[in-house]
Amino acid sequence: MPMQDFSPRQSAVLGEALQLLVDGGEKALTTAGVARAANCSKESLYKWFGDRDGLLAAMISYQQSKVRTFERDGERLTAENLREHLEIFARDLLQVLAGDVSLALNRLAIGQASRDGSRLGVLLLERGRRQIDRRARALLEAGRRAGFLRFDDAAEAYRTLYGLVVSDSHVRMLLGEPAEADLEGRSRKAVAAFLRLYGRNIGEGEGGPT
């Protein structure tokens, strides 16, 4: 579910569930614990999210929806706002990956990776990473159709963008290293490098020559 599809009450419940996971780990993430923390009934949780996997899937969807792409109704893509949307995407992505919630979810999934029947890693890929990837590739395709980007393979271009934005920082954060202080500056530099590789008709400046 996109973030806008969650009601304010459901969003508040998911926020409490995510905080429980951060503070108490997997053992704290029970339907009874979430219901108590969010001051709602277990029946409401089951109605909204289904079982525990459904709750986890909703938590992941809620997180990935914080990474914005090209979503302004009726907006015509220009060179200027393409750069803006790419920088917003890069900054949002870094902020989500650096957050306590994302780190807790990923560490939990890594710890469960060898456990038979564990679904968290699959949910993180399907409801998290792949949804972000899909929307970001759609932005790149829109940039290509508008004549501002040039590439043969959208997936390859996106992997380049992701690598420039994230590099090895997520791995270092998972291992306990603090996030960089200037995520906005890192985002601008990553997008500028990407536009030097793939940009056309962007003009001179941080993005480099056409």
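Reader: How many of the 20 residues of α5 are buried?

Author: In α5, 16 of the 20 residues are buried (under 20% relative accessible area, with exposed meaning over 50% and partly exposed in between; 1.4 Å probe, protein chains only). Helices here are DSSP runs of H or I with at least four residues, and strands are E runs of at least two, numbered from the N terminus. The model is predicted: local features need pLDDT of at least 70, side-chain atom pairs count only at pLDDT 80 or more, and totals for chains, interfaces and linings use all residues. Residues are numbered from 1 along each chain as its sequence is written, and side-chain values use heavy atoms, without hydrogens and water.

Reader: What span should α5 have, and what separates its end C-alpha atoms?

Author: The expected span is 1.5 Å times one less than the number of residues. For α5 (residues 79–98) this gives 28 Å, and the end C-alpha atoms lie 29 Å apart, which agrees. For the 13 residues of α6 (residues 100–112), 18 Å is expected and 18 Å is found.

Reader: Which residues of α6 are buried, and what covers them?

Author: The buried residues of α6 include Val 101, Leu 103, Leu 105 and Leu 108. Their cover includes α1 (8–24), α4, α5, α7 (120–145) and α9 (169–174).

Reader: How is the packing of α5 with α10 described?

Author: Two packed helices are described by the angle between their axes and the distance between the axes. Axes are lines fitted to C-alpha atoms, for helices over the stretch in contact, and angles run from 0 to 180 degrees between N-to-C directions. The axes of α5 and α10 (residues 183–198) come within 9 Å and cross at roughly 130 degrees. The two helices are therefore oblique to each other (under 35 degrees is roughly parallel, over 145 roughly antiparallel, 65 to 115 roughly perpendicular, the rest oblique). Among the residues in contact (heavy atoms within 4.5 Å) are Leu 86, Ala 90 and Leu 94 of α5 and Val 191, Phe 194 and Leu 195 of α10.

Reader: At what angle do α2 and α3 pack?

Author: Helices α2 (residues 31–38) and α3 (residues 42–49) pack at about 105 degrees, their axes 9 Å apart. That makes α2 roughly perpendicular to α3. Thr 31, Ala 32, Val 34 and Ala 35 in α2 meet Lys 42, Leu 45 and Tyr 46 in α3.

Reader: Which feature does UniProt place at residues 30–49?

Author: The unreviewed UniProt entry places a "DNA-binding region" there; such annotations may be inferred rather than shown by experiment. Residues 30–49 are 80% helix and 0% strand, with end C-alpha atoms 13 Å apart.
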